[in-house]
Amino acid sequence: MADPLQLTRADARRIAVRAQLLTADRPRDLLEVIRHLTVVQAEPTAAIAPSADLVLWSRLGPTYDVAALRDALDEQALIEHQGFIRPTGDMTLLRAEMAAWPGTGPLKEWQVARAEWVDANAGCHRDLLDRLRRDGPLPTSELPDSCEVPWRSSGWNNARNVQMLLMLMVARGEVACVGRDGREQLWDLAERIYPDEPFPDVEEARRRRDERRLAALGIARSRAAAAPGEQHDVGEAGVPAVVEGVRGTWRVDPALADGQVARSDGRAALLSPFDRLVQDRKRLAEVFEFDYLLEMYKPAARRRWGYYALPVLYDDRLVGKLDASADRAEGALVVRAVHEDEPFSAAMTADVDAEIDSLAQWLGLDVVRLTEP
């Protein structure tokens, strides 16, 4: 077995930034970006713009057209699955687990409970499939709730029977989201949407997904805490590496393990709070040494950086947070503060300000600063 790569934190950061297409050499094609990233979270909060649009703007720049993403979803070149926008072709790598639902090996208590709940509502399950087969695609609001056993939860999903049954039918590979009518998802039979191709077994599918995920992340742990929708670990994909000052072994995409990491080719970028570069909070702390928390769920008085603060990337470092919001009625991108983790140099300030101006131009707004830059 080869010795692990020896990386500095700067090396590791540059690998991650390059893998996430955030270098000075911007990509140009929307579909190529999403195929490489593998997932873009479809989080709809639009304090500035929906997260998926911010992620794509941060890669493609002001040429990114939000209508192109909507068209790709409508044409089913992309699909929204479990809260993430994915290339439709990648669904082949998910269908083995769908076929094995509720899971492989010894089942956990919650897996058994979900399977029993679907069985208890077999009539509603059939009703949804029949209605979609006859009239789909349809929004959630037009699907009948004939559940005999309501969904019980201490959270906001309590008694949201149709929504929860659809979620489990997605996991079973029976239905798929095929777009949106406003903010409401549209549903149809998965057999009409997913590629009509044979799919690998569960283990082979996981191996290939690990490889795809590592190519998008650049550097990741073999094992990581479970995350909703899309994971942060990559199994045994890639090659092992040790990061100076960080405990444990990492995995690195072989395409980025060729010694070029010493070359810095980064730029300034403003990132969505749901950007894959920052979603793995443990990697964020260990490799980027960046303190960040999305604060929109906190009371205003307890926020340090703002309701929807955007992490600020400069070269290979995350250097601050932008507290801004889009006031479309006033035609303004309102900048409340640029929080600097360490004082910016003149060059950093100029580049970050230029990116703020670019964001405003893309949104069709004027920059209005409530504090001096």
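**Core, sheet and helix contacts**

Reader: Leaving aside neighbours within four places in sequence, which residues is isoleucine 219 in contact with?
Author: This is a predicted model. Contact here means heavy atoms within 4.5 Å. Leave out the neighbours within four places in sequence, and the partners of isoleucine 219 are Leu7, Ala12, Ile15, Ala16, Leu214, Val243, Trp250, Arg251, Val252 and Arg283.

Reader: Which residues touch the most other members of the largest nonpolar core?
Author: The largest nonpolar core has 72 residues. Ile219 belongs to the group asked for. The full group is Leu69, Ile219, Phe288 and Leu359.

Reader: How many residues are in the other core, which lies apart from it?
Author: This second core includes Leu128, Leu165, Leu166 and Trp187. Those are named examples from a set of 24 residues.

Reader: What is the strand order in the open sheet of 4 strands?
Author: The pairing in this sheet is mixed. S1 (5-7) and S8 (219-221) are the edge strands, each pairing on one side only. S9 and S10 fill the places between them, giving the order S1-S9-S10-S8.

Reader: In what sense do S9 and S10 pair?
Author: Strand S9 covers residues 239-243, and strand S10 covers residues 249-252. Valine 239 has valine 252 in S10 as its bridge partner. Over 4 bridges, the sense of the pairing is antiparallel.

Reader: Which strands of the sheet does helix H9 touch?
Author: Helix H1 (residues 9-19) lies across S1, S8, S9 and S10, at about 100° to S1. Helix H9 (residues 202-217) also packs on the sheet, and its direction makes about 130° with that of S8. The strands H9 touches are S8 and S10.

Reader: At what angle do the axes of H3 and H4 cross?
Author: Ala52, Asp53 and Leu56 in H3 meet Val66, Leu69 and Arg70 in H4. By class, that contact has 4 nonpolar, no polar and 2 charged residues. The crossing is right-handed. The axes come within 10 Å and cross at roughly 115°.

Reader: Which residue takes a positive phi in the hairpin of S13 and S14?
Author: Strands S13 (residues 317-327) and S14 (residues 332-340) pair antiparallel over 8 bridges. Aspartate 327 stands opposite alanine 332. The hairpin has 4 residues between the strands, and the one with phi near 65° is glycine 331.

Reader: Do S14 and S15 run parallel or antiparallel?
Author: S15 covers residues 366-369, and 4 bridges join this strand to S14. Valine 335 stands opposite arginine 369 in S15. The two strands run parallel.

Key:
Residues numbered from 1 in each chain as written. Predicted model: local features only at pLDDT ≥ 70, side-chain atom pairs only at ≥ 80, totals over all residues. Heavy atoms only, no water. Axes fitted to C-alpha atoms, helices over the stretch in contact; angles between N-to-C directions. Left-handed = near helix turned anticlockwise from the far one by under 90°. Nonpolar A, V, L, I, M, F, W, Y, C, P; charged D, E, K, R; others polar. Core = buried A, V, L, I, M, F, W, Y, C linked by side-chain atoms within 4.5 Å. Buried < 20%, exposed > 50% of the residue type's maximum accessible area, 1.4 Å probe, protein only. Pairing = 2+ DSSP bridges.
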